[in-house]
Amino acid sequence: MQDTGKRLKFTTKPTAKELWKFSMIYANKGLRGGVNLILVGGAAFLLLTRWGLLDVAQRLLLFAVIFLFVVWQPAILYPKALRQAKELEKQPPLVLEFAEDGVTVDQGGQGGQILWEEIGKIEIVGGMVIVYGDRTHASLIPRAVMGEDEEAFRQLVREKLPKARRKGV
C-alpha cells in the first residue's frame, strides 16, 4: 500500500506509574476483572447488610477478600512496575510511527514495520494508548505525548482497524 497520508510519530519511555496503571488494567481485564468485581462487591455487600449476623471469622474473611483485590494486588504490582521502569531507563526510548501502510517501531535502531493487519488491538484507557502486537506484547503511549496529533491518530486507527480491534478510539 502506498503511503500518502501524514505520519504520526510518538517517542515514549513509560514511567513506573504508567507501567503500574497498565499492570492494573491488565490484571483486572476480562473475566478476571469481572470475578474480582463480583468478589469485592459481594464481600462489601455482605459486610454492610449482614454485619450483625456475621461472626468475627466471617467478617475477617470478607475483609481479607476486599483487602486482597483493593490493597494487596496494587501494592504487589507497583514494585514490579518500578523494576521495569528502571530497566527501561537503561534502554533508548521507543519510537512508534503510525502511517497509512502500518506502524514502524524503533528502539535504538532495532525494530521494524508492523502492517495494520498484524496489529492485535489498539485501545485507549487510563490516559494511555496501548498498542498490542499480540496477546503478550504491548507498547504504551501516554496520551500526553500525543498532543495535537491525538485526533489524527484516532482517525487513522478508526480507518485502519475494524471496531473489534480497537477500543476507546
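In the predicted model, a total of 8 aromatic pairs is found. One of these is formed by F10 and F98, whose ring centres are separated by 6.0 Å and whose planes meet at 55°, an arrangement classed as tilted. F10 belongs to strand 1 (residues 8-12), whereas F98 belongs to strand 2 (residues 94-99); the contact therefore ties together parts of the chain that are 88 residues apart in sequence. Both partners of this pair, F10 and F98, are buried.

F98 also takes part in a second ring contact, with F153. Here the centres lie 4.9 Å apart and the planes stand at 80°, so the pair is edge-to-face, given that angles over 60 degrees fall in that class. Because F98 is located in strand 2 and F153 in helix 5 (residues 150-160), this pair ties together a strand and a helix in parts that are 55 residues apart in sequence. F153, like F98, is buried. The two contacts described above form part of a wider arrangement, since ring pairs link F10, F98, W116 and F153 into a cluster.

Aromatic rings in the model are also approached by charged side chains. R32 is positioned over the face of Y26, at a distance of 5.1 Å from the ring centre. A corresponding placement is found for R59, which lies over the face of W51 at 4.2 Å from the ring centre.

Methods: Residues are numbered from 1 along each chain as its sequence is written. This is a predicted model: local features need pLDDT of at least 70, side-chain atom pairs count only at pLDDT 80 or more; totals for chains, interfaces and linings use all residues. Side-chain values use heavy atoms; hydrogens and water are left out. Rings of Phe, Tyr and Trp (its six-membered ring) pair if their centres lie within 6.5 Å; planes under 30 degrees apart count as stacked, over 60 as edge-to-face and the rest as tilted. Helices (H or I, at least four residues) and strands (E, at least two) are DSSP runs, numbered from the N terminus. Buried means under 20% relative accessible area, exposed over 50%, partly exposed in between (1.4 Å probe, protein chains only). A charge sits over a ring if NZ of Lys or CZ of Arg is within 6 Å of the ring centre and within 35 degrees of the ring normal.
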